[in-house]
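User: I have a model open and want to learn how to read its features. Can you take me through them one by one?

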Amino acid sequence: MAELVKVVVDAMGGDNAPVEPVKAAVEAVKERKDILVFLTGQRPVIEKELARYEGYSKKRIQIVEASEVIETAEPPVNAIRKKKDSSIVVGLNLVKKQEADAFVSSGSTGAVLVGGQVLVGRSKGVERPPLAPLIPTLKGVSLLVDCGANVDARPSHLVQFAKMGSIYMENVLGVKNPKVAIVNNGAEEEKGNALVKATFPLLKECKGINFIGSIEARDIPEGLADVIVCEAFVGNVILKLYEGVGGALVRKIKAGMMTSLRSKIGALLVKPALKATLKDFDASEYGGAPLLGLKGLVVKTHGSAKAVEIKHAIFQCVQFKHQRINEKIAEHILEQEKQE
């Protein structure tokens, strides 16, 4: 029997807790035999939710008591310091102590980011860990790095994001020599704000990455680059607009198909193909955003995440563990530092 990958799921974090995190844990252990899930949170609440399910391995879902909950509006640093028995802190400490392989949460993004860096810790040589979600494109998926962790990034941070993103795409998705681009307001090298102008020549000279230059936002859905580099403010705007436009288009298409009898008949004919296509562009199918460059695996899902997104985040963690992503990032960063 394969070694179990131990994944902690924050059962109290997010808009849909504990219903969706618990459902995700049950579905995950039903679908895969190599996962053990720790649910952190208030035991009576989690037990009540688990009682709704049957037919899963109860040995592979364990509850770890955490009496406190960090709310979204709380200042992250204070919350991590003061609420030591919260579901986030308890979960991150399990990873820190190597009692678990990974941590997944839909809770406070700020608390997960602060806790990841303070409790789990950065790998040696990593300046700033970025959040890196996969986003759907016409050619598959691209990695957007950073989407929310480092708003005031420096050029050296963006260079590391490019390196870490390249390692991720090559080892997790099997993309050979992944194409790296920096988000810009034009294709020309001389364009961009001060950060982009300072970073561009560094990426151009950086060995070990396949830098193809600038990418405009409109070209991201085309899949012209595998790794899309930017600071967190820009990345978060891209991600949220991406999701918002996608959701609006789906609603518009559905409404249009219901306007007449002819359109309804047409909708029935195209429904299977349309459903498959829309699934490819559903961000929840790709799991959460890993916080790259830590000593342990930490994955952040949307605050509104449903069970399918959390489940895929759990599966992500299994792949990260098997591919030794964090170890490879640390090794690569240290190797680059020695060469420089």
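User: Let's begin with helix H2. Which strands does helix H2 lie across?

Analyst: This is a predicted model. Helix H2, residues 43-50, lies across S2 and S3. H2 runs at about 160 degrees to S3.

User: Which other helix packs on the sheet, touching S1, S2 and S3?

Analyst: Look at the sheet before that helix. The sheet is open and has 6 strands. Their order is S3-S2-S1-S4-S11-S10, and the pairing is mixed. Strand S3 (61-65) and strand S10 (289-290) stand at the edges. Each has a single partner strand, so one side of each is left without a neighbour in the sheet. Now the helix: H1, residues 19-31, packs on this sheet and touches S1, S2 and S3. The direction of H1 makes about 165 degrees with that of S2.

User: How many bridges join strand S1 to strand S2?

Analyst: Strand S1 (residues 5-10) and strand S2 (residues 35-41) are joined by 6 bridges, and the two run parallel. For a place to start tracing, take valine 5: its bridge partner in S2 is isoleucine 35.

User: Now S11. In which sense do S4 and S11 pair, parallel or antiparallel?

Analyst: Parallel, over 4 bridges, with S4 covering residues 102-105. Alanine 102 stands opposite leucine 297 in S11. Go to the other partner and the sense changes: S10 and S11 pair in the antiparallel sense, over 2 bridges. There, alanine 289 stands opposite lysine 300 in S11.

User: What do S10 and S11 form, and how many residues lie between them?

Analyst: They form a hairpin with 6 residues between them. Glycine 293 sits in the turn, with a positive phi of about 90 degrees.

User: Which way do the side chains of S11 point?

Analyst: Leu297 and Val299 point one way from S11. Val298 and Lys300 point the other way. All of these are buried. Keep Lys300 in mind for the pocket.

User: How do I read backbone angles?

Analyst: Start with the background. Most residues other than glycine have a negative phi, and most peptide bonds are trans. Then look for the exceptions.

User: Which residue follows alanine 17 across a cis peptide bond?

Analyst: Proline 18 does, with omega near -5 degrees. Proline 18 lies in the loop between S1 and H1. A further cis bond runs from valine 145 to aspartate 146, with omega near 20 degrees. Aspartate 146 lies in the loop between strand S6 (140-145) and helix H6 (155-172).

User: And positive phi. What is the phi of asparagine 177?

Analyst: Near 50 degrees, a positive value in a residue other than glycine. Find asparagine 177 in the loop between H6 and strand S7 (179-183). Arginine 324 is another case, with phi near 55 degrees. Arginine 324 is in the loop between helix H10 (307-323) and H11.

User: Why does arginine 324 count as partly exposed?

Analyst: Because its relative accessibility is 36%. Partly exposed runs between the 20% and 50% cut-offs.

User: Next, empty space. How many cavities of 30 Å³ or more does a search of the whole structure find?

Analyst: The idea comes first. Rolling a probe the size of a water molecule over the atoms shows where empty space is left. Here the search finds 1 cavity of 30 Å³ or more. The volume of the largest cavity is about 50 Å³. Its lining includes Pro290, Leu297, Val299, Phe320 and Ile325. Strand S11 (297-300) and helix H11 (325-339) are the elements that give two or more residues to this lining. S11 gives the most, with 3 residues.

User: How do the residues of that lining divide into nonpolar, polar and charged?

Analyst: The lining of the largest cavity has 8 nonpolar, 2 polar and no charged residues.

User: Now the pocket. Which residues lie nearest the centre of the second largest pocket?

Analyst: Thr109, Lys300, Thr301, His302 and Gly303, out of 33 lining residues. The space in the second largest pocket is about 550 Å³. Helix H5 (109-120) and helix H8 (232-257) are the elements that give two or more residues to its lining. H8 gives the most, with 4 residues. The lining of the second largest pocket divides into 12 nonpolar, 15 polar and 6 charged residues.

Key. Residues numbered from 1 in each chain as written. Predicted model: local features only at pLDDT ≥ 70, side-chain atom pairs only at ≥ 80, totals over all residues. Heavy atoms only, no water. Pairing = 2+ DSSP bridges. Contact = heavy atoms within 4.5 Å. Axes fitted to C-alpha atoms, helices over the stretch in contact; angles between N-to-C directions. 1 Å grid on protein atoms, 1.4 Å probe; cavity = no way out; pocket = protein on both sides within 12 Å on 5 of 7 lines; lining within 4 Å. Points joined across faces, edges and corners; volume = space filled by probe spheres on them. Nonpolar A, V, L, I, M, F, W, Y, C, P; charged D, E, K, R; others polar. Buried < 20%, exposed > 50% of the residue type's maximum accessible area, 1.4 Å probe, protein only.
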